[in-house]
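Student: I have a new model open on my screen and I'd like to talk it through. Can we go over it bit by bit?

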Amino acid sequence: MSEAPRRRGYGPERLTDCGDDYVRVDLLDAASVHASAEAVTAQFGMVHALIHLVGGWTGGRTIQDSSTDELTSMLNQHAWTTFNLFQAYVPHLIAAGWGR
């Protein structure tokens with residue numbers, strides 16, 4: 001059996017190509033998200049697409065049975081990560097003249 005390819009890169013400073021490299025970013029940290037947008041743009045010249053696949057669900061309970069921690073977790077996963085990504089990447093999508 002062959003080993004799975006090893007992923008490289010744990011921050012914007014490790015972005016080197018489109019192959020197996022990636023940027024690991026804390027999407028709740030706006031400064032890190034902005035740094036990743038700058039690193040992607042510096043490496044590739046422009047941004048054409050942004051895919052947001054973060055999410056989770058702690059539902060299944062009524063509002064009165066839900067905790068504020070559960071709500072905070074869902075807002076962090078859905079609202080704040082989306083806001084930080086859009087704020088950092090939309091200017092680059094606009095600069096490219098299009099985007100998805």
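Student: Let's start with R61: is R61 buried, exposed or partly exposed?

Tutor: One caution before that: this is a predicted model, where local features need pLDDT of at least 70 and side-chain atom pairs count only at pLDDT 80 or more, while totals for chains, interfaces and linings use all residues. Residues are numbered from 1 along each chain as its sequence is written, and side-chain values use heavy atoms, with hydrogens and water left out. Buried means under 20% relative accessible area, exposed means over 50%, and partly exposed sits in between (1.4 Å probe, protein chains only). R61 has a relative accessible area of 48%, so the class is partly exposed.

Student: And which residue does R61 form a salt bridge with?

Tutor: The term covers a side-chain nitrogen of Lys or Arg within 4 Å of a carboxyl oxygen of Asp or Glu. A search of the whole structure turns up one salt bridge. Its closest N and O atoms are 2.8 Å apart, and the partner of R61 is E70.

Student: Is E70 buried or exposed?

Tutor: E70 lies in helix 2; helices here are DSSP runs (H or I, at least four residues), strands are E runs of at least two, and both are numbered from the N terminus. The relative accessibility of E70 is 16%, so E70 counts as buried.

Student: Leaving aside neighbours within four places in sequence, which residues is E70 in contact with?

Tutor: Contact means heavy atoms within 4.5 Å. For a sense of the surroundings, E70 and W57 are 13 residues apart in sequence and 8.9 Å apart in space, C-alpha to C-alpha. With the sequence neighbours set aside, the contacts of E70 are T58, R61 and D65.

Student: I see a pocket in that area. What is the volume of the second largest pocket?

Tutor: Work on a 1 Å grid over the protein atoms alone: a pocket is an open set of points with protein on both sides within 12 Å along at least five of seven lines, a cavity is a set where a 1.4 Å probe fits but cannot get out, and lining residues have an atom within 4 Å of a point. Points are joined across faces, edges and corners, and the volume is the space filled by probe spheres set on them. R61 and E70 are among the lining residues, as are W57 and T58. The volume of the second largest pocket comes to about 160 Å³.

Student: How many charged residues are in that lining?

Tutor: Asp, Glu, Lys and Arg count as charged; Ala, Val, Leu, Ile, Met, Phe, Trp, Tyr, Cys and Pro are nonpolar, and the others, Gly among them, are polar. The lining has six polar residues and four nonpolar ones, and the charged count is two.

Student: Let's turn to the core. Which helix supplies the largest share of the largest nonpolar core?

Tutor: A nonpolar core is a set of buried Ala, Val, Leu, Ile, Met, Phe, Trp, Tyr and Cys residues joined through side-chain atoms within 4.5 Å. The largest one has 10 residues, including L27, V40, V47, Y89 and L93. Helix 1 (30-44) and helix 2 (68-96) each supply at least two of them. The largest share, four residues, comes from helix 2.

Student: How much of the protein counts as buried?

Tutor: The protein has two helices and zero strands. Among contacts between residues at least 6 apart in sequence, 59% join residues at least 24 apart. Of the 100 residues, the buried share is 23%.

Student: Is H92 buried or exposed?

Tutor: H92 lies in helix 2. Beyond four places in sequence, H92 is in contact with A37, E38, T41 and V47. Its relative accessibility is 14%, so H92 counts as buried.

Student: How far apart in space are H34 and A88, C-alpha to C-alpha?

Tutor: H34 is found in helix 1 and is partly exposed, with a relative accessible area of 31%. Not counting residues up to four places away in sequence, H34 touches Q87 and A88. H34 and A88 are 54 residues apart in sequence, and their C-alpha distance is 4.9 Å.
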